[in-house]
Amino acid sequence: MEFVWTSTVITIIAFVLLYLLLNKYAFGPLFNIMEQRKRLVVGELEQAEANRKESAALLEEQRKAIEQARKEAQEIVENSRKISTKSAEELVEAAKNEAARLKEAAQQDIVSEKNQAIAELRKQVGEMSVKIASKIIEKEVDASAQEALVDKYLKEVGSR
C-alpha cells in the first residue's frame, strides 16, 4: 500500500474544517452551557454553605437563649423561695409578738382583777366584821373606823 499525500491532505483539511465548524456551532455553546451549569452548581454550593453557617449561628443563639431562660427561671424560683421563707418568718414573728402582747394583757387583767377582788373582799370583810361586832356589842360601831381597823389587820396578815 502506498501512501497517498492527497488523500491525507484532504483528510486533514476536512478534519480541520470539521473541527472549526464543530468548535463554532457545537463546542462553543456546549462549553457555555457547561460553564453556566458549573457556575450554578458552585453558586448553590456557596448558598448551601451560607445557609448552613446561618443555621449553625441561629442554633447557637437559640441555645444561648434557652440557657438564659433557664437561668432566669432558676433565679425566679430562688427568689420565690426566699420571699416565701421571709414571709413565713415574718408571720411567725408577728404571731409570737401578738401572743406575747396577749399574754401580757392577760397578766395585767389578772393582776387588775386580783386587786379588784382583794379590794372587794376587804370591803366585804370590813362590813361583815362591823355587823358581827355590832351584834356582839349590840350597838352600832362607826363603819369607817371599823373598816380602817380591818384594812390595817388585812395588810398585816397580807404582809406575813
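How many salt bridges does the structure come to when the rule is a side-chain nitrogen of Lys or Arg within 4 Å of a carboxyl oxygen of Asp or Glu? In this predicted model, the count comes to five salt bridges, and three of these, including the pair Arg 39 and Glu 35, are followed here along the helix that carries them.

Starting with Arg 39, its side chain is joined in a salt bridge to Glu 35, with 3.9 Å between the closest N and O atoms, and the pair counts because this distance falls within the 4 Å limit. Both residues belong to helix α1, which spans residues 5–137, and they stand four residues apart, about one turn of the helix. Arg 39 is exposed, at 53% relative accessibility, whereas Glu 35 has a relative accessible area of 35% and is partly exposed.

Further along helix α1, Arg 63 and Glu 60 are three residues apart, again about one turn of the helix, and they form a salt bridge in which the closest N and O atoms lie 3.9 Å from each other. Glu 60, with a relative accessibility of 37%, counts as partly exposed.

The third pair, Arg 101 and Glu 98, also lies in helix α1 with a spacing of three residues, about one turn of the helix, and here the side chains meet in a salt bridge with an N to O distance of 2.5 Å. Arg 101 has a relative accessible area of 47% and is therefore partly exposed, and Glu 98, at 35%, is likewise partly exposed.

Definitions and conventions
Residues numbered from 1 in each chain as written. Predicted model: local features only at pLDDT ≥ 70, side-chain atom pairs only at ≥ 80, totals over all residues. Heavy atoms only, no water. Helix = DSSP H or I, 4+ residues; strand = E, 2+ residues; numbered from the N terminus. Buried < 20%, exposed > 50% of the residue type's maximum accessible area, 1.4 Å probe, protein only.
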